[in-house]
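Q: I'd like to zoom in on one part of this protein and go through it slowly. Could you help me read it piece by piece?

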4 protein chains.
Amino acid sequence: MSAAQTARELVTHVLTLRCTDEPGIVAAVSQTIFSHGANIVDSAQYAHERSQTFTLRMEIDVPADAATRFDTDLRSELARFDPILSLRRKAELRRVILMVSKADHCLWDLLYHWQAGDLPVDIVAVVSNHETLKPLVEPHGIPFHLLPITPDTKVEQEAKLRALVADTGADFIVLARYMQILSDDFCSRYPGRIINIHHSFLPGFKGAKPYHQAYDRGVKLIGATAHYVTSDLDEGPIIEQDVVRISHRHLEDDLVKMGRDVERRVLTRAVRLHAEDRVMLTGHRTVIFD
Amino acid sequence: MSAAQTARELVTHVLTLRCTDEPGIVAAVSQTIFSHGANIVDSAQYAHERSQTFTLRMEIDVPADAATRFDTDLRSELARFDPILSLRRKAELRRVILMVSKADHCLWDLLYHWQAGDLPVDIVAVVSNHETLKPLVEPHGIPFHLLPITPDTKVEQEAKLRALVADTGADFIVLARYMQILSDDFCSRYPGRIINIHHSFLPGFKGAKPYHQAYDRGVKLIGATAHYVTSDLDEGPIIEQDVVRISHRHLEDDLVKMGRDVERRVLTRAVRLHAEDRVMLTGHRTVIFD
Amino acid sequence: MSAAQTARELVTHVLTLRCTDEPGIVAAVSQTIFSHGANIVDSAQYAHERSQTFTLRMEIDVPADAATRFDTDLRSELARFDPILSLRRKAELRRVILMVSKADHCLWDLLYHWQAGDLPVDIVAVVSNHETLKPLVEPHGIPFHLLPITPDTKVEQEAKLRALVADTGADFIVLARYMQILSDDFCSRYPGRIINIHHSFLPGFKGAKPYHQAYDRGVKLIGATAHYVTSDLDEGPIIEQDVVRISHRHLEDDLVKMGRDVERRVLTRAVRLHAEDRVMLTGHRTVIFD
Amino acid sequence: MSAAQTARELVTHVLTLRCTDEPGIVAAVSQTIFSHGANIVDSAQYAHERSQTFTLRMEIDVPADAATRFDTDLRSELARFDPILSLRRKAELRRVILMVSKADHCLWDLLYHWQAGDLPVDIVAVVSNHETLKPLVEPHGIPFHLLPITPDTKVEQEAKLRALVADTGADFIVLARYMQILSDDFCSRYPGRIINIHHSFLPGFKGAKPYHQAYDRGVKLIGATAHYVTSDLDEGPIIEQDVVRISHRHLEDDLVKMGRDVERRVLTRAVRLHAEDRVMLTGHRTVIFD
């Protein structure tokens with residue numbers, strides 16, 4: 001870099017891009033970057049041949065005084081590829097709403113990593129249908145919203161939730177062991193923006209009480225799956241999975257306890273990947289740029 | 001140990017025992033061991049409370065001149081517990097028949113570990129419905145038996161296989177990617193004595209082409225399962241499982257390749273556990289003393 | 001079990017035993033158990049041939065009305081083996097003092113598991129040389145003791161610490177990223193009772209700034225080690241270790257962040273193993289009955 | 001892609017590039033690719049800020065009739081960045097010489113993966129200082145060269161080895177448990193082209209008998225390290241590492257056996273990474289594009 005360039009203040013941006021694959025996309029992106037005096041810090045791309053889908057994630061240092069023009073020019077230059085494109089300052093954290101019920105293990109882990117500064121999100125609200133976890137949330141200065149759900153109030157409460165999403169400008173929602181099923185209508189409003197943790201290594205044990213199913217079957221590993229929520233329960237695109245080894249000594253209650261550890265680990269990883277714009281959707285599969 | 005004891009030649013035995021749980025079993029076992037001047041080298045036990053099943057595995061150094069009497073007395077002393085009991089010299093290897101088709105990855109791994117001296121089995125025969133792997137087997141001096149299977153010859157060939165089991169004194173059979181389904185009649189003759197490797201992390205993807213199912217579902221881990229064969233396909237008691245991490249870059253063919261590595265690893269581990277008498281059946285679950 | 005036996009209230013006890021190996025130990029233990037109407041629930045043993053050391057851990061259901069007599073008789077019966085023996089009610093939790101400085105990651109994990117009920121300890125005090133973590137501790141109702149250390153006050157403060165151990169009846173001490181070095185005199189008073197977490201996969205990178213050493217060397221895995229504290233820094237008997245995979249993208253600060261996760265996981269596991277009497281010392285090596 | 005483009009035969013190439021980081025590199029590469037009707041299939045890049053080193057790996061589909069011109073133009077276009085650049089057809093396998101002594105575990109694994117078609121190398125020779133493994137090699141039709149080494153013959157034998165490298169056009173050499181130390185002179189002729197497997201998780205246990213050191217220290221994990229050979233023994237740039245969990249039951253001989261499994265796994269992975277041009281050297285550290 002020349003002395004002139006290093007003298008300009010640089011602002012790191014995160015670019016993600018998805019479009020139909022065709023020649024020239026990277027040339028167009030990199031030419032635009034170069035011509036604005038910006039520099040690629042990190043880059044990963046993947047073309048899924050079968051669906052002809054191209055995906056890209058870049059971290060780009062952009063001169064502060066060129067940032068607005070860069071954004072405009074990049075969108076203009078790429079318009080012919082008709083991309084789904086996101087460009088944001090890396091320092092502007094993704095805003096998230098956490099939804100919980102009574103179980104606290106996922107919430108503990110998310111709060112721990114957030115307050116430690118290694119989970120780049122802005123937690124704008126915690127929503128629950130129970131008061132139980134309020135004391136865990138409030139000392140951190142995060143607003144806690146009680147939205148109890150009954151069959152009669154579900155429509156009304158989801159309306160409040162939608163208002164909260166709008167008011168807080170939340171980018172995504174994390175169901176951190178939220179035990180209620182959101183309506184199809186609600187889910188379809190936020191495609192690829194709601195993350196759930198399923199307490200099973202999908203598709204191993206769908207439905208209720210997966211640890212009891214695992215015990216009965218005598219499996220040697222149990223797992224957890226973080227996935228985007230779609231109207232098809234337990235079938236949304238998978239973001240992250242992991243397993244833990246168990247033995248014959250472990251009864252259902254032990255599996256529940258051990259499962260909590262893998263659940264919270266998997267969910268935190270998925271939230272981090274999403275918050276850093278590292279998850280790209282191609283159909284019902286995900287591309288992970290880690 | 002006193003000088004007199006160390007002067008006697010000791011022979012290591014492996015004892016396994018399964019019976020209904022009740023007080024006094026360990027006391028009876030250890031008293032018999034002590035009274036014959038034998039010594040416990042290694043011991044593990046587990047009582048499955050729900051099924052009231054007690055299981056035990058011991059390695060015992062028995063004075064050579066007391067070995068026969070020890071065997072008789074132990075069986076006599078324990079008879080009141082009505083146990084399923086096995087006592088054998090550790091140096092007398094379990095005899096195994098390997099069954100293969102055309103895929104060689106599991107066979108390679110079993111042969112490697114066997115010839116390296118770290119898989120304690122005596123491979124008495126390799127059986128296949130194809131000639132393909134004969135050249136891999138014969139340099140090792142292991143008899144290769146061709147038993148091609150058609151719908152018309154299945155009954156006849158299984159009869160030959162039963163004869164082979166009898167003639168070789170085989171303790172167990174390993175289906176090392178043997179692509180034929182054994183008849184219910186055959187399976188039921190050797191309960192807990194036939195090990196299969198399933199190319200999936202059961203119960204995730206049962207049935208055909210699990211790696212293609214895994215690709216379609218976009219899972220982040222694929223696995224393999226070694227289990228005992230029962231008449232209920234893919235449902236026998238699980239001995240060992242493991243997984244390997246995959247990414248969006250891996251197509252079905254990649255999963256097949258990566259799957260081979262986890263299959264062979266899991267099968268070899270299961271064969272070792274079985275050959276060392278470390279797997280106990282309690283109903284349709286296994287106790288693993290590793 | 002007969003109806004009469006099941007009618008008696010049973011109390012689960014944990015027995016650990018270490019002595020010179022010789023025939024008859026298990027016979028003596030199991031005969032005593034049997035004769036008091038007690039029953040072995042879980043048992044593991046290991047004889048380290050080279051050092052002639054025998055180690056055993058049992059969980060035993062003892063009739064409540066026979067518990068005192070069982071304790072007396074067992075000690076009497078085993079006295080000829082001159083064992084190091086511990087027998088306690090499983091429900092009586094081990095008492096622990098946690099020592100911290102400013103880093104909170106290990107403390108968070110220990111508090112989380114403790115309040116979730118899956119870390120069987122009674123945290124009788126948190127001691128720190130800084131006020132920093134007081135707000136994290138006090139909402140849980142755990143006494144927080146500030147013991148700032150300077151070269152001048154070290155002797156005096158360690159005396160206070162010893163008094164605290166005595167007053168609280170603490171069974172063991174956990175250095176949860178406590179950045180001070182305890183004196184040899186202090187350490188030697190509590191052999192096998194102080195657990196430290198070292199932020200390296202020992203013996204890979206001893207001494208200061210192991211993550212910076214790991215970065216410089218370009219390793220592909222970093223780890224953490226939980227060990228008992230002896231006067232020989234970084235050299236005490238190892239209880240547990242684990243690693244996490246890193247890549248070229250991770251700078252020293254990333255390794256520090258990723259290292260925190262493996263540190264807290266390893267320390268919590270080590271504390272659980274110790275609290276459940278699953279760690280036996282044989283010389284400078286540990287036997288782990290997990 | 002337009003119909004015209006898909007009609008042209010495409011040949012997949014692998015491009016790697018390393019140079020001082022400055023703006024415009026990716027723009028130059030991607031513009032050249034675009035202007036020749038080629039297409040990026042896969043791409044990864046990394047800029048190591050501290051050393052100002054830029055590294056890139058791409059898989060590019062190049063029209064067959066434009067391949068020669070593309071090669072020329074790309075080198076010409078990038079000349080101003082003074083890169084270390086490699087461009088080759090993906091189907092042209094890297095040629096490798098394997099060097100062994102008597103231990104066969106790494107050789108078995110490399111041969112297995114090679115014959116299974118999932119290790120993209122052309123094994124042009126196996127060299128050994130012993131006859132032991134000749135029978136394992138020759139059935140595969142691979143030339144076996146006996147080059148026994150004594151202090152007197154070392155210079156002469158290394159000369160033969162250099163001639164063999166030249167004659168076979170070998171791209172790299174793999175020391176698959178070759179127990180001789182190559183001379184500094186020999187090593188310095190092939191920087192980044194000789195891969196060794198060290199039977200330890202470096203830098204944990206350097207020098208001789210690492211498994212005995214590991215036993216003595218009572219570690220809970222043992223590992224292996226694949227690294228490039230430099231004149232500084234055990235200190236070359238690390239390509240891959242892995243570990244396996246051990247327990248107190250495992251004596252030195254068990255560690256040796258278990259270590260073999262992790263050694264062969266790590267070495268095979270390292271050979272695959274190198275053969276696929278996924279390892280880039282930046283100083284004494286490696287960038288791995290996997």
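How are α9(A) and α4(C) oriented to each other?

A: Happy to, and keep in mind as we go that this is a predicted model. Let's begin with the pair you asked about. Helix α9 covers residues 252-275 of chain A, while helix α4 covers residues 105-115 of chain C. Their axes come within 12 Å and cross at roughly 140°. Angles over 145 degrees would count as roughly antiparallel, so α9(A) and α4(C) are oblique to each other. If you look at the handedness, α9(A) and α4(C) make a right-handed crossing.

Now for the residues doing the touching. From α9(A) you have A:Arg260, A:Asp261 and A:Arg264, and they meet C:Asp109, C:Tyr112 and C:His113 of α4(C). Sort the residues of this contact by class and you get four charged, one polar and one nonpolar.

Stay with α4(C), since it also packs with helix α4 of chain A, residues 105-115. Here the angle is about 165° and the axes are 11 Å apart. That angle is over 145 degrees, so α4(A) and α4(C) are roughly antiparallel to each other. The crossing of α4(A) with α4(C) is right-handed. On the chain A side, the contact uses A:His105, A:Trp108, A:Leu111, A:Tyr112 and A:Gln115. Facing them in α4(C) are C:His105, C:Trp108, C:Leu111, C:Tyr112 and C:Gln115. This contact of α4(A) with α4(C) has six nonpolar residues, four polar ones and no charged ones.

So what about chain A and chain D? Helix α2 of chain A (residues 25-35) packs with helix α2 of chain D (residues 25-35) at an angle of about 145°, and their axes are 8 Å apart. The crossing of α2(A) and α2(D) is left-handed. In α2(A), the residues in contact are A:Val26, A:Ala27, A:Ser30, A:Gln31 and A:Phe34, and they meet D:Val26, D:Ala27, D:Ser30, D:Gln31 and D:Phe34 in α2(D). By class, the α2(A) and α2(D) contact comes out as six nonpolar, four polar and no charged residues.

One last stop, while we're on chain D: the second largest pocket holds about 590 Å³ of space. It is lined by 30 residues, and nearest its centre lie D:Arg177, D:Tyr178, D:Asn196, D:His198 and D:His199. Elements of chain D giving two or more residues to this lining are α7 (184-189), β9 (194-198), β10 (221-228) and α9 (252-275). By class, the lining of the second largest pocket has 14 nonpolar, nine polar and seven charged residues.

Technical notes: Residues numbered from 1 in each chain as written. Chains lettered and ligands numbered in written order. Predicted model: local features only at pLDDT ≥ 70, side-chain atom pairs only at ≥ 80, totals over all residues. Heavy atoms only, no water. Axes fitted to C-alpha atoms, helices over the stretch in contact; angles between N-to-C directions. Helix = DSSP H or I, 4+ residues; strand = E, 2+ residues; numbered from the N terminus. Parallel < 35°, antiparallel > 145°, perpendicular 65-115°, else oblique. Left-handed = near helix turned anticlockwise from the far one by under 90°. Contact = heavy atoms within 4.5 Å. Nonpolar A, V, L, I, M, F, W, Y, C, P; charged D, E, K, R; others polar. 1 Å grid on protein atoms, 1.4 Å probe; cavity = no way out; pocket = protein on both sides within 12 Å on 5 of 7 lines; lining within 4 Å. Points joined across faces, edges and corners; volume = space filled by probe spheres on them.
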